[in-house]
Amino acid sequence: MSPNSCGSAPVHAETEVHFRDAAAKALLDPQLRANFRRAMDGLITKRKAQFPDPRDLQDLRDLSTAIRSRSLLNLPELLEQFEANCTKNGIKVHWAETCEQANELILGIMQAKGAKTLVKGKSMVSEEMHLNAFLESKGIEALESDLGEYIIQLDGETPSHIIMPAIHKNKDQIARQFSQKIKDAKYTEDVDELTAMARKVLRQKFLDADAGLSGVNFAVAETGTLCLVENEGNGRMSTHVPPLHIAVMGLEKVVARLEDVAPLYAILTRSATGQAVSTYFNLITGPRGAGEKDGPQEVHLVILDNGRSRIYADPQLRATLRCIRCGACMNHCPVYTRVGGHAYEAVYPGPIGKILTPQMEGVGVRHDLIHGSSLCGACGEVCPVEIPIPEILVRLRREATHEDLGSAVAGKGTGRTATEDWAWRLWAGVTKRPTLYRIATWFATRFGKALPAGAPLIKNWTQSRTKPVPARRSLSERMRTEGGPHA
Amino acid sequence: MPDPRTAILGRLRAAGDSGPLPALDTAVLERRQWPAAERVARLRKGMEAVHTEFLDATPTTWPAVVRAFCDREGLKNLLFGPACQDGAALAAAWAPGGTQLMPYDRPVEAFKQELFGEVDAGFTSTVGGVAETGGLLLMPGPAEPRLMSLVPPVHIALLRASTIQDSFWSAVKALGWGRALPPNALMISGPSKTADIEQTLAYGVHGPKRLIVVLVDDLA
Ligand code: SF4
């Protein structure tokens, strides 16, 4: 594990995690597959309807990509400017290199105010930190208030999608769960009634909570503003009702100007859920001001690195940090749709997770993830900020087996296996020697057919495909005997 | 060991920038322009699509329109900001009896329980609207506290047609939000909603269940 990764992560033991096994298990669950298929089809259709004009879409993508690239090019300066403006506005800024540091910071902020309960708006960075488990171990209740997050927290689960965390569950499952876990709840499959039940429980929590936590969708350097995108209003509740608001963000979230946020916001909601606009777009620029009658008395912001500065150091991998967490890449991923989010055993599932998680936790530890892709390219095609996910995957595959590429990739070279090494060496040895190559292809064409489909190595391929039958004679053989331009 | 801030910024600096800044071509945003009347129609269409309700009014009739709505819905009370110009105008026109006007004039700590449990509706002004997608722009503050548009189950918002901008992008520029922002500003496009249960839309999950826009036609 890299020094920057979250050692406290419950899902990652010191041993390698196997996406392959988890995916194989998920594939056997027809209910899960149906839940994801239906949801993803819906999201794909809705997104498409939001971009009727391909020229508009491309222009908006180009602009969004340029804005995110510029922000990254100026990152240290923008972070300093942002921090200075936040401080001027009365927002207290803290920095954390690791998840452990960030967790401790939040605990410290809460303890200083004597806060014992925390109500949370949706934040993927807090998932990255495993904040809830940490706070609970310190006797602090951390309650998720986004309906999807609330649903999965009741069952002690993790999100299976970054935008729709409870997408793996259907109505019946939620109905059963509510009737068992919410006090005095009756069994109902009516979505409005289920929503009303959650509203009732959570309203009381907002009212009572000592502190509220939120993520940050965009951080604006020129004004020192935190932007929050949401539909439910739980983000506003968490950030305006309790006397203390703590926000957490990855250090890549900053952009130069508020004007820059407009196109990013426009492409975010459209790409994510096929909405032209979210219900709320909240701009927080400070705690309760002079004369104000509500709003938090204190606002704190924790800026987290957790491996991001290492990703930043590599010109190609830096593109990963352009991500605005819209989830479109997962919605369009044929692998994600079939195996669901939990199979990845990572905070960020799907294509973005496949490139982000191995960079944060080490390419060796999450070796399986970088190979769990057919490289079909759908993710790169829909990404609103044009992150070349397939290319980065290929790069990480190379990094995983080579430690001498001169990069700063965590765990480089640790995914190397003796079998693979041996196979490539053999292949290189044979192809570099014409005589040997001719002998090998002669044998392969004459006897390849006789090789049993269950033979080691071949078995992995033939499990779900028919065994390829080699031609009776190799191409170079035919060229020699039948003639050709270079015969 | 340097402190985290120094260490992080140091690493980012050491990575160095690479290459010139890419140009920003905002043509796609500039294409979003409509005449005033069409801006109104677009805003309305966008917001109605997400369950916002509209009441038509004129610069003189709007207090009566708000009142008629409250009476029709049998609202017990209506939270308003007495120090806000529109709030004061509403109070001046409010006849006794029926729906009670309730001023938000003390710190929330003094009436949190009441706010969460007893208030039927909140009335706020707006500083503008967004035609492209539909949306209201609000700047809460001392005269109109933040929770008025969030906690009561019904939010009634006053919008003047002349303040509707083409897009959020043009609104940010027109309102000068990039230069200075109050502690809280926001855009609202509809009542609170969720699709977290099987992608089925449900309204009023945390915030208001209904959003009523009193649209004042002041274009003439
Ligand atoms: S990688 Fe692109 S498509 Fe995937 S979540 Fe990030 S911004 Fe969205």
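**Helix packing and buried residues in a predicted model**

Student: Is the crossing of α9(A) and α10(A) left-handed or right-handed?

Tutor: The crossing belongs to two helices of chain A, α9 (residues 171–181) and α10 (residues 191–208). The model is a predicted one, and in it the crossing of α9(A) and α10(A) is left-handed.

Student: How are α9(A) and α10(A) set to each other, in words rather than degrees?

Tutor: The axes of α9(A) and α10(A) come within 11 Å and cross at roughly 40°. An angle from 35 up to 65 degrees is neither roughly parallel nor roughly perpendicular. Therefore α9(A) stands to α10(A) in an arrangement that is oblique.

Student: How many nonpolar, polar and charged residues are there in the contact of α9(A) with α10(A)?

Tutor: From α9(A) the contact takes A:K171, A:I174, A:A175 and A:F178. From α10(A) it takes A:V191, A:L194, A:M197 and A:A198. Lys counts as charged, and the division by class is seven nonpolar, no polar and one charged.

Student: Helix α8(A) also packs on α9(A); which term describes the setting of α8(A) to α9(A)?

Tutor: Helix α8 of chain A covers residues 147–154, and its axis lies 10 Å from that of α9(A), at an angle of about 65°. Because the range for roughly perpendicular runs from 65 to 115 degrees, α8(A) is described relative to α9(A) as roughly perpendicular.

Student: Which residues of α9(A) meet α8(A)?

Tutor: α8(A) passes α9(A) in a left-handed crossing. On its side, α8(A) supplies A:Y150, A:I151 and A:L154. The residues of this contact divide into five nonpolar, one polar and one charged. Those on the α9(A) side are A:I174, A:Q177, A:F178 and A:K181.

Student: What is the handedness of the crossing of α4(B) and α5(B)?

Tutor: In chain B, helix α4 (residues 62–73) and helix α5 (residues 85–93) have axes that come within 9 Å and cross at roughly 70°. That angle makes α4(B) roughly perpendicular to α5(B). The crossing of the two is right-handed.

Student: Which residues of α5(B) make the contact with α4(B)?

Tutor: The contributions of α4(B) are B:W62, B:P63 and B:V66. By class, the whole contact has six nonpolar, no polar and one charged residues. On the other helix, α5(B), the contact residues are B:D86, B:A89, B:L90 and B:A93.

Student: What share of the residues of chain B counts as buried?

Tutor: Chain B has seven helices and twelve strands, and its C-alpha atoms fill a box of roughly 70 × 50 × 40 Å along the principal axes. Of its contacts with a separation of 6 or more, 72% join residues 24 or more positions apart. Among its 220 residues, the buried share is 55%.

Student: Is B:V205 buried or exposed?

Tutor: B:V205 is placed in the loop between β11 (202–203) and β12 (210–216) of chain B. Beyond residues up to four places away in sequence, it touches A:L147, A:T195, A:R199 and A:E232, as well as B:S192, B:K193 and B:T194. A residue is buried under 20% relative accessible area, so at 0% B:V205 is buried.

Student: How far is A:R395 from A:L317 in space, C-alpha to C-alpha?

Tutor: A:R395 is in helix α19 (residues 389–401) of chain A and, at 16% relative accessibility, counts as buried. Leaving aside neighbours within four places, its contacts are A:D314, A:Q316, A:L317, A:S407 and A:V409. A:R395 and A:L317 are 78 residues apart in sequence, while their C-alpha distance is 8.7 Å.

Student: What is the approximate phi of A:N306?

Tutor: Most residues other than glycine have a negative phi. A:N306 lies in the loop between β10 (298–304) and α13 (308–312) of chain A and is buried, with a relative accessible area of 2%. Although A:N306 is not a glycine, it has a positive phi of about 45°.

Student: What value is phi of A:R325 near?

Tutor: A:R325 is in the loop between α13 and α14 (328–331) of chain A, and it counts as buried at 12% relative accessibility. A:R325 is also one of the residues that surround the ligand, in a shell of ten nonpolar, one polar and one charged residues. Its phi is positive, in a residue other than glycine, and is near 55°.

Technical notes:
Residues numbered from 1 in each chain as written. Chains lettered and ligands numbered in written order. Predicted model: local features only at pLDDT ≥ 70, side-chain atom pairs only at ≥ 80, totals over all residues. Heavy atoms only, no water. Axes fitted to C-alpha atoms, helices over the stretch in contact; angles between N-to-C directions. Helix = DSSP H or I, 4+ residues; strand = E, 2+ residues; numbered from the N terminus. Parallel < 35°, antiparallel > 145°, perpendicular 65-115°, else oblique. Left-handed = near helix turned anticlockwise from the far one by under 90°. Contact = heavy atoms within 4.5 Å. Buried < 20%, exposed > 50% of the residue type's maximum accessible area, 1.4 Å probe, protein only. Near = heavy atom within 4 Å.
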